[in-house]
Amino acid sequence: MSVTELSGDPAPDTSTVAPAARPGRQPTPFAALLTRLHFYAGILVAPFLLVAALTGLAYTITPQLDQALYGDRLTVATVGDQPKTLAQQVTAARAAHPDGTIAAVAPGTGDRTTQVVFSLEELGDKQHTVYVDPYTGEVTGQLTTWFGSTPATTWLDDLHRNLHLGEVGRHYSEIAASWLWVLVLGGVVLWWRRRSATRARTTHLLVPDLTARKGVRRTRGWHATTGVWLAVGLLFLSATGLTWSRYAGANFSTGLDTLRAGTPELSTTVDGVAPPAGGGEHQHGGAATGTADNPASYDNVLASARSAGLSGPVEISPAAEPGLAWTVAQVDNAWPVAKDRIAVEPATGAVTARSDFADWPLLAQLSSLGIQAHMGILFGPINQILLAALALGLLCVIVWGYRMWWQRRPTRAGRRAPLGSPPARGGLRGLPWWALLLGVPVTLALGWALPWFGVTLLGFLVVDLVLGLLARRRRRPLPVSPAPAGS
């Protein structure tokens, strides 16, 4: 959740008639500290969240955008009865794109075209993908792609991830993800405290109080209730966004490796592998030499993968060096996912290693599924709709938060101010010793695991300290000069 506190107003709000209830309790030191942290974090982090929500909302439409822009290359007009061999399709792609080395081949299934991916040194981490109609063997076009993503999807992905500013731009998204969970959990705690304090634990638990007159109370009701409805989804976005952020993501990967819970590696060594039974009957169009430029190798490897049970869409990746096995991976990222992988010796078709998704460590499975859901792929259009709803809801929560900040500004003569004042100070000083004993190491650990959380939290503390010193200086009375002698 975002801007301003959900617990207590600095001045009485006369915009609505308070219902008969027990007197409002004073905030505990913990609630006062959380309120002030929620306020400052919301004010300063909300712009990052606003940008992330807008760019993420744009990214949710990429499947439909790809089909509209590149449908003639990604899909075929007519689905035939029998596809051409991969050797014929790869040969056609190579004729259309004579430069570069083949990095991967994704055989077309259904109405999807076959994708032949070429690596060129001048493209860096991008590739040229040639699309081939699997039923006619004709090239339908080519695009500059990034890990299989079309130019439009790549552009929107970069916009959401780094605002097209490279590594420097990635800081914005990591700051947003690092603080989103703090704002959500803090807002939920403050919301629950306010509900229980006003005896509204069941009356207005999950709906805003529409009986309140227009003003800060009604805005706060929409802000809080919408934030609670979105809480689980926003926590999910925060967690999955952090897994591939620059610094927190690196720490997450290190933690998985330490726990041996990362994605298992697939060995591509081929020492002592015997040919399959039948003397390599999977070979098509002559003996395969096992090189990326030999088209017959792809049919051989694909046949071995199908025999090994890898159904659905797959991607064949030739070995980076001679003498190593090729990799075949299932690439169906929609639920239920298919992510099994095998290593195949291309000359003989022998399977040299295997890694099934079901055998991955649980954290590796959850991380993979979380990434696909974050990208709107896991559950298809339903996934896209849920992500769009989360983005729109977050935008509303942010706008309502800033509106509360403006509505709480003093308007009486002599006390006018452009914006509302922050919650009262002193929450940290009022905490018991045991809370500080536990809280300080936990905060330091979080700051180490989430570096941008730690850096910005330190910045908040410095700003708060400076503001406190300035306020104390303004309140300090001026010294009075002693009266002259004899007066």
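Which residues line the largest cavity? Keep that question in mind as you start the tour, and remember that the model on your screen is a predicted one.

**Stop one: the cavity**

Select Leu34, Leu37, His38 and Ala41, then add Trp179, Val182, Leu183 and Gly186; together they line the largest cavity. Its volume is about 40 Å³, and the structure holds one cavity of 30 Å³ or more. Now show helix H1 (29-59) and helix H5 (170-197) as ribbons: each supplies at least two residues of this lining. Try colouring the lining by residue class, and you will find six nonpolar residues, two polar ones and no charged ones.

**Stop two: a hairpin**

Next, select residues 341-345, which are strand E7, and residues 350-355, which are strand E8. How do these two strands run? They are antiparallel, and five bridges join them. To see one pairing up close, pick Val344 and look across to Val351, its bridge partner in E8. Then move to the turn: E7 and E8 form a hairpin with four residues between them. Click on Gly349 there, which has a positive phi of about 80 degrees.

**Stop three: a surface patch**

Finally, switch to a surface view and select Leu458, Leu461, Val462, Val463, Val466, Leu467 and Leu470. What kind of surface patch do these residues make? The patch is nonpolar and covers about 580 Å². For a landmark, pick Leu461 and show the ribbon around it: this residue is found in helix H12, which spans residues 451-475.

Key: Residues are numbered from 1 along each chain as its sequence is written. This is a predicted model: local features need pLDDT of at least 70, side-chain atom pairs count only at pLDDT 80 or more; totals for chains, interfaces and linings use all residues. Side-chain values use heavy atoms; hydrogens and water are left out. Patches are made of residues with over 30% relative accessible area and no salt bridge: like charges are joined within 9 Å, nonpolar side chains (Val, Leu, Ile, Met, Phe, Trp, Tyr) within 5 Å. Accessible areas come from the Shrake-Rupley method with a 1.4 Å probe; for residues, only the protein chains shown count as cover. A salt bridge is a side-chain nitrogen of Lys or Arg within 4 Å of a carboxyl oxygen of Asp or Glu. On a 1 Å grid over the protein atoms alone, a cavity is a set of points where a 1.4 Å probe fits but cannot get out, and a pocket is an open set with protein on both sides within 12 Å along at least five of seven lines; lining residues have an atom within 4 Å of a point. Grid points are joined across faces, edges and corners, and a volume is the space filled by probe spheres set on the points. Ala, Val, Leu, Ile, Met, Phe, Trp, Tyr, Cys and Pro count as nonpolar, Asp, Glu, Lys and Arg as charged, and the others, Gly among them, as polar. Two strands pair if DSSP finds at least two bridges between them.
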